[in-house]
Amino acid sequence: MNQNQDAIPHGDPYAIFEDWFAQARLSEPNDPNAIALATATPDGLPSLRMVLLKGHGADLGPDFDHQAGFVFYTNFHSRKGGELAANPHVALLFHWKSLRRQIRIEGPVVEVSPQAADAYFASRHPESRLGSAASDQSRPLPSRQTYLDRVAAIRAQYPQGDVPRPAHWSGYRVIPSAIEFWQDRDYRLHERRRFVADGAGGWTSTLLYP
Ligand SMILES: Cc1cc2nc3c(=O)[nH]c(=O)nc-3n(C[C@H](O)[C@H](O)[C@H](O)COP(=O)(O)O)c2cc1C
C-alpha cells in the first residue's frame, strides 16, 4: 500500500469494525472473536483474561432494545464478575496476527437482558451448557474429577440436554466510549485512528502517532 494513503477511513467505527472482523473471520486460524478483557481490582490493579465476542454493532437487535455495543457472556460470580460489579469500566483488545491489526475498545459494561442471555445460552452446544452450569468459575476446585462429576450429575438431571441457564450466567454489553484501530504499515510507520464518542450518538476521530 502507498505509504501516503490512509488505511483506516474516518467513517463509522462500527462499520470499520465489521469490515475488519469479516476479514479476520476469513484469515485467522481460530477464534477470530477472541478478545483480551481488562478489568480492575478494587485496589486499581489490572486484571486480564480472554473472552469471546458474541455480539457487536450499532444495533444489536430486539433482545438489546436495538442498542449498540460489544457483547460477551460469562459467570457473574467469577473474578471478573466481582470486579465488574464494583467497577464497570473495561478495556477490550483484539489482535489479529494474520491481518497485523489491533483494535482497542474502552467503556463501561451493562448487563444484557435475560432474554438476550437465554437466547445465547440456548444456542450453545448442550455439552457447553452443561459445563457452564457445573462451573463455579474462578473458585478453587479440589480436583478435575469433582468438576466432571458435577457435569455428569447435571447431565443425568437433564437427559434431553435442556439445561436451563443459571441465573448467574449471563452477558455484558460494553458501551464504547472510545474505539481505536491500528494497522501495520511498512517500516513500522504504522497507522492509528482513535474514535471518541461525542455523547450524542456520533464520533470524533483523530489520527495518533503510532
Ligand atoms: C480464547 C479464549 C476464550 C475464552 N472465552 C471465554 C468467554 O467467552 N467467557 C468466559 O467466561 N471465559 C472465557 N474464557 C476463559 C477466561 O479467559 C477466564 O479463564 C475465565 O473467564 C475466568 O476469568 P476470571 O477468573 O477473571 O473471571 C476464554 C479463554 C480463552 C483462552
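A polar contact is taken as a pair of N or O atoms within 3.5 Å; within protein, one atom must be able to donate a hydrogen and the other to accept it, and residues adjacent in sequence count only if both atoms are side-chain atoms. The model is predicted, with local features requiring pLDDT of at least 70 and side-chain atom pairs pLDDT 80 or more, whereas totals for chains, interfaces and linings use all residues. Residues are numbered from 1 along each chain as its sequence is written, and side-chain values use heavy atoms, without hydrogens and water.

By the polar contact criterion, a backbone N or O atom of Tyr-73 lies 2.9 Å from a nitrogen atom of the ligand. Oxygen atoms of the ligand are also approached by the backbone: a backbone N or O atom of Met-50 is at 2.7 Å from one, and a polar backbone atom of Arg-79 is at 3.3 Å from one. Of the 620 Å² of accessible area that the ligand has on its own, 64% is covered by the protein (Shrake-Rupley method, 1.4 Å probe; for residues, only the protein chains shown count as cover).

The shell around the ligand (residues with a heavy atom within 4 Å) includes Asp-31, Leu-52, Lys-80 and Gln-137. At least two shell residues each come from β2 (46–52), β4 (69–75) and α2 (79–86), and β2 gives the most, with 4 residues. These elements are DSSP runs numbered from the N terminus, helices being H or I of at least four residues and strands E of at least two.
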